[in-house]
Amino acid sequence: MKPQHRFSDTHAHLCDEAFDADRDAVLRAAADAGAQFITEIACEPDNWAKAEALSKANTGFIHCAFGIHPQDCHKLDDASFLELKKFLSLPCAKALGEIGFDYARCDNSQESQRSAMSRLLALANERALPIVLHCRNPFDAASGPDAYADLFSSLREVWKPQGKTFSGVLHCFSGMDRDAVSALDLGLALGANGTATYPKNDPLRDTFRKAGLKNIVLETDCPYLPPQSKRGKRNEPAYIPESAAALAAVFNCAPEKVMESALENSIALYRLAGN
Ligand SMILES: [Zn+2]
Ligand SMILES: [Zn+2]
């Protein structure tokens, strides 16, 4: 039986080796659960061609974002930059990302992350593509610099937002109220995933409530960050309804409404209408 609801996964890493054994089954399960489309985030040069092939084999269901994750920003050189431009010219390329700052578990210096970010944001301007942003504070947030503050200042310095509704997405949003306000000011949607289901994350759910459904898209970041009932397991797009249910409780509405709103937002974000 077809599910009553429809949703999209705006941020998946299905080319990850965690899916090598059963990728097709995972895609079928996603479609059976109500997924209308999935955005594959290819953010490591080795994955760009794989993501293109995955999208080609699933046209209309999977499209791609191509970029370089802050954890891999040491791989950004003239050759890979040229290669990235090539992938961003493909019809399946709907965004540049994920790019950004990771101060939690990253070997690359903050300085090298900042210089990669400037170069990649200039490319986003040139191509007028939406951007997919990654931002993580140090585990002990009080101990280090604020990744969100650095992200917003680099966006304000370099980036020219060019979307009608959204110019990009701050995926796996985990910031505070003030970070959500800055993100929305810049024309970014907020990406909500399994972390919105974790019992300790009341402040995060409250920040999403203040941001409003009209600014939220749903994502998995799979294979990472499964929702509460799947903690410790591999995440996959079919689990999105659990995250939607956690937000529905906050917005006092049906999960279907959260999924439908997020789906519409994701179509605007990745400019899919009419495609
Ligand atoms: Zn990320
Ligand atoms: Zn990701």
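**Reading the contacts, sheet and backbone of a predicted model**

Q: Which residues does Asn108 touch, not counting residues up to four places away in sequence?

A: Leaving out residues up to four places away in sequence, Asn108 touches Pro70, Gln71, Cys73, His74 and Gln113. Please keep in mind throughout that this is a predicted model. Asn108 sits in the loop between E4 and H4.

Q: Is Asn108 buried, exposed or partly exposed?

A: The general idea is to count neighbours: a residue is called buried if 20 or more other C-beta atoms lie within 10 Å of its own, and exposed if 12 or fewer do. Asn108 has 18 C-beta neighbours inside 10 Å, and therefore counts as partly exposed.

Q: How should I read the overall fold, and how many helices and strands does the protein have?

A: It helps to begin with the inventory of elements, which here comes to nine helices and eight strands, and then to turn to the overall dimensions. The C-alpha atoms fill a box of roughly 50 × 45 × 35 Å along the principal axes. For 275 residues, a compact globule would have a radius of gyration near 19 Å, and the 17 Å of this protein agrees with that. Buried residues make up 49% of the 275 residues. Of the contacts with a separation of 6 or more, 74% are between residues 24 or more positions apart.

Q: In what order do the strands of the sheet stand, and is the pairing parallel or antiparallel?

A: To read a sheet, one follows its strands from one edge to the other and asks how each runs beside its partner. Here eight strands form an open sheet in the order E1-E2-E3-E4-E5-E6-E7-E8, and the pairing is parallel. Strand E1 (7-12) and strand E8 (216-218) are at the edges, and each has a single partner strand, so one side of each is left without a neighbour in the sheet. From one strand to the next, the twist averages 30 degrees.

Q: How many bridges join E5 to E4, and how many to E6?

A: Bridges are the links to count when two strands lie side by side. E4 and E5, which run parallel, are joined by six bridges, and one pair to look for is Gly100 with its bridge partner His134 in E5. On the pairing with E6, strand E5 (residues 131-136) and strand E6 (residues 168-170) share three bridges, again in the parallel sense, and Ile131 stands opposite Gly168 in E6. Helix H5 (residues 147-158) also packs on the sheet, where it touches strand E4 (93-102) and E5, and its direction makes about 150 degrees with that of E5.

Q: Are the faces of E5 covered or open?

A: Both faces are covered, with Ile131, Leu133 and Cys135 buried on one side and Val132, His134 and Arg136 buried on the other. Counted by residue, six of the six residues of E5 are buried.

Q: At what angle do helices H8 and H9 pack?

A: Helix H8 (residues 240-251) and helix H9 (residues 255-269) pack at about 110 degrees, and their axes are 8 Å apart. Angles of 65 to 115 degrees count as roughly perpendicular, so H8 is roughly perpendicular to H9. On the H8 side the contact is made by Pro241, Ala244, Ala245, Leu247, Ala248 and Phe251, and on the H9 side by Pro255, Lys257, Val258 and Met259. Sorted by class, this contact has nine nonpolar, no polar and one charged residues.

Q: Which peptide bonds are cis here, and where is a positive phi found in a residue other than glycine?

A: Most peptide bonds are trans, and most residues other than glycine have a negative phi, so exceptions deserve a look. One cis bond runs from Gly97 to Glu98, with omega near 0 degrees, and Glu98 lies in strand E4. Another joins Cys222 and Pro223, with omega of about 10 degrees, and Pro223 is in the loop between E8 and H8. The C-alpha atom of Pro223 is separated by 23 Å from that of Asn108, 115 residues away along the chain.

As for phi, Ala128 has a positive value of about 55 degrees and is placed in the loop between helix H4 (110-127) and E5. Leu225, with a positive phi near 55 degrees, is in the loop between E8 and H8.

Q: Which of these two residues is buried and which is exposed?

A: Leu225 is buried, with 21 other C-beta atoms within 10 Å, whereas Ala128 is exposed, with 11.

Note on methods: Residues numbered from 1 in each chain as written. Chains lettered and ligands numbered in written order. Predicted model: local features only at pLDDT ≥ 70, side-chain atom pairs only at ≥ 80, totals over all residues. Helix = DSSP H or I, 4+ residues; strand = E, 2+ residues; numbered from the N terminus. Rg over C-alpha atoms; globule rule 2.2 N^0.38 Å. Contact = placed C-beta atoms within 7 Å. Axes fitted to C-alpha atoms, helices over the stretch in contact; angles between N-to-C directions. Parallel < 35°, antiparallel > 145°, perpendicular 65-115°, else oblique. Nonpolar A, V, L, I, M, F, W, Y, C, P; charged D, E, K, R; others polar. Pairing = 2+ DSSP bridges.
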